[in-house]
Amino acid sequence: MTKKITILWADDEIDLLKPHILFLEEKGYDVHTSNNGEDAIDTVKTSEFDIIFLDENMPGLSGLEVLARIKTMQPHIPVVMITKNEEETIMDEALGSKIADYLIKPVHPKQILLTIKKNVDTKRLISEKITSKYQTEFGRIGLRINEHLDWEDWIEVYKKLVYWEIELQETGETAMDEVFKMQKMDANINFARYIRSVYEDWFVSDVGERPLLSKDIFKHRVFPKLQSNRPVVVIIVDNLRYDQWKVFEGLVQEYYTVEQELYSSILPTTTQYARNAMFAGLMPLEISRRHPDLWVEDFDEGGKNLYEKELLQAQLLRNNLDVKLMYQKISNIRDGVKLVENPKMLLGNDLSVLVYNFVDMLSHSKTEMKMIKELAPDEAAYRSLTLSWFKHSPLLDLLKELASYPVQVVLTTDHGTIRVQDPVKVIGDRFTTTNLRYKQGKNLNYNPKEVFEITKPEIVHLPKPNVSTRYIFAQGEDFFAYPNNYNHYVKYYRDTFQHGGVSLEEMIIPLISMVPKT
């Protein structure tokens, strides 16, 4: 049952407004009245209202004084000022106090009704409309998910799911949450089935016959831009999902003309594999063979992506490109601010590559820090934190600065991440990788029906440290858990954001080309 909208109307001539009040009550609104400012303030202290109509000229406290007091107590309640006074200074003061609307007496009941709908009812009407539209679309998406889809089809399905997820989130209603969650889960189950059936084939096909993969990004989307006279700036935001990009896309579009496409991260969907492949222009197996000094195996000590600049330099050399290159990893605000203060240090190069690690650090912090777990309990909160970071980040400041210059910008990521829910038991020896979404090792024990297994890594161009090495990947919302201390392990990692496996969120990721509007 829909909650009645509750109105407070404060006017020293409230008795003369009885026809207006009866009109609103007949429309289903719950109207409370006051005939002076003090009474209105006391009423707001003890009751909750959706909207307040406030006469500007009352004896005792003026409407503007009452407005100031109400805004101190309840800053989010929309207040509509009603007055006979058309002086511009009164209007300016009222508007400066963040009133929701300003009406001149005499007011017509339909004016009041329109104001209510604009300021209160609109959200409910939009929410109902969006919910209704999704209910209609639910069936279509469900049928589509269960069809025989190719890569482009899956991109369209994922775009629709992200669109509806964000739309439903913005309504603030939770009635459809479980329905949507089940549909996305069903999509991921079928997407994993699709990946199992086609992934090996991608490595005997050329670009165009298969998705654009991590190793293709520089060769096919960045290097062609170097042929123009404009510097190219590549920004890699580690661990950025498509839905996270969508929530801050509008901020970028204020300054840039944007072209968007989605490409596929390779497996495992981790920095060690996907981003090294991106910088090298090679699959991990080829990196380990051609550049053994630059490739670090899972079980080796040390960082796994310490040689990105060297890998990119080797790729440029392989493609006969003699360009002035800058590479920098931005791991703190100080480094980001330095670039904003001196954007010309980028513009002096043919190609500048910047790696921003904030989103990846946020993902890992959610696993390790109780406070972050509470701040980002679900996808909506995770998107909100990302948006808040981006709004106040040196990255947005840098994009604003670069928009004043003739520059080409590519913004992308290496992989996405997924919130995990369901544990899958796996047993391995001490050399088995610790990642929760994939395992690599020679003595793995698991249920083949619960994973995507690759028993011949060389087919998908993954390193094979031992003759019996195999890879297994978690699918959908699954994560790998060891039998020892199982319950504690599951409780600790459930509802955290992980990457490395097979899901729409991890594999279908944004690649954005931008040109300044100025």
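In strand β15, Phe473 is the bridge partner of Phe452, a pairing that belongs to the antiparallel arrangement of β14 (residues 452-454) with β15, which extends over 3 bridges. The model described here is predicted, and besides these strands it contains an open sheet of 6 strands with mixed pairing and a largest nonpolar core of 104 residues.

**Strands around β15**

- Strand β15 (residues 470-473) also pairs with strand β13 (residues 438-441), again in the antiparallel sense, and 4 bridges join the two.
- Within β13, Gln440 stands opposite Tyr471 of β15.

**The six-stranded sheet**

- Read across the open sheet, the strand order is β7-β18-β10-β6-β9-β8, and the pairing is mixed.
- Because β7 (256-264) and β8 (325-330) stand at the edges and each has a single partner strand, one side of each is left without a neighbour in the sheet.
- On average, and with direction ignored, neighbouring strands of this sheet are turned by 15° against each other.
- Strand β6 (residues 232-237) runs parallel to strand β9 (residues 351-356), and 6 bridges join the two, with Val234 standing opposite Val353 in β9.

**Helices on the sheet**

- Helix α12 (residues 308-318) packs on the sheet and touches β8 and β9, its direction making about 155° with that of β8.
- Helix α13 (residues 333-341) likewise lies across β8 and β9, where it runs at about 140° to β8.

**Packing of α10 against α12**

- Helix α10 (residues 271-280) packs with α12 at an angle of about 35°, and the axes of the two helices are 7 Å apart.
- The residues that meet are Arg275, Asn276, Met278, Phe279 and Ala280 from α10, and Glu308, Leu311, Leu312, Gln315 and Arg318 from α12.
- Sorted by class, this contact of α10 with α12 comprises 5 nonpolar, 2 polar and 3 charged residues.

**Nonpolar core**

- In soluble globular proteins, nonpolar side chains tend to be buried together.
- In the largest nonpolar core of this model, which has 104 residues, those with the most contacts inside it are Phe191, Ile195, Tyr199, Trp202, Ile235, Leu351 and Val353.
- Helix α6 (residues 151-171) supplies the largest share of this core, namely 10 residues.
- Ile235, one of the residues with the most contacts inside the core, is in contact with Leu354, Tyr356, Leu395, Leu399, Val409, Val410, Leu411 and Thr412, once its neighbours within four places in sequence are left aside.
- Val353, also among the residues with the most contacts inside the core, is the residue in β9 that stands opposite Val234.

Note on methods:
Residues numbered from 1 in each chain as written. Predicted model: local features only at pLDDT ≥ 70, side-chain atom pairs only at ≥ 80, totals over all residues. Heavy atoms only, no water. Pairing = 2+ DSSP bridges. Axes fitted to C-alpha atoms, helices over the stretch in contact; angles between N-to-C directions. Contact = heavy atoms within 4.5 Å. Core = buried A, V, L, I, M, F, W, Y, C linked by side-chain atoms within 4.5 Å. Buried < 20%, exposed > 50% of the residue type's maximum accessible area, 1.4 Å probe, protein only. Nonpolar A, V, L, I, M, F, W, Y, C, P; charged D, E, K, R; others polar.
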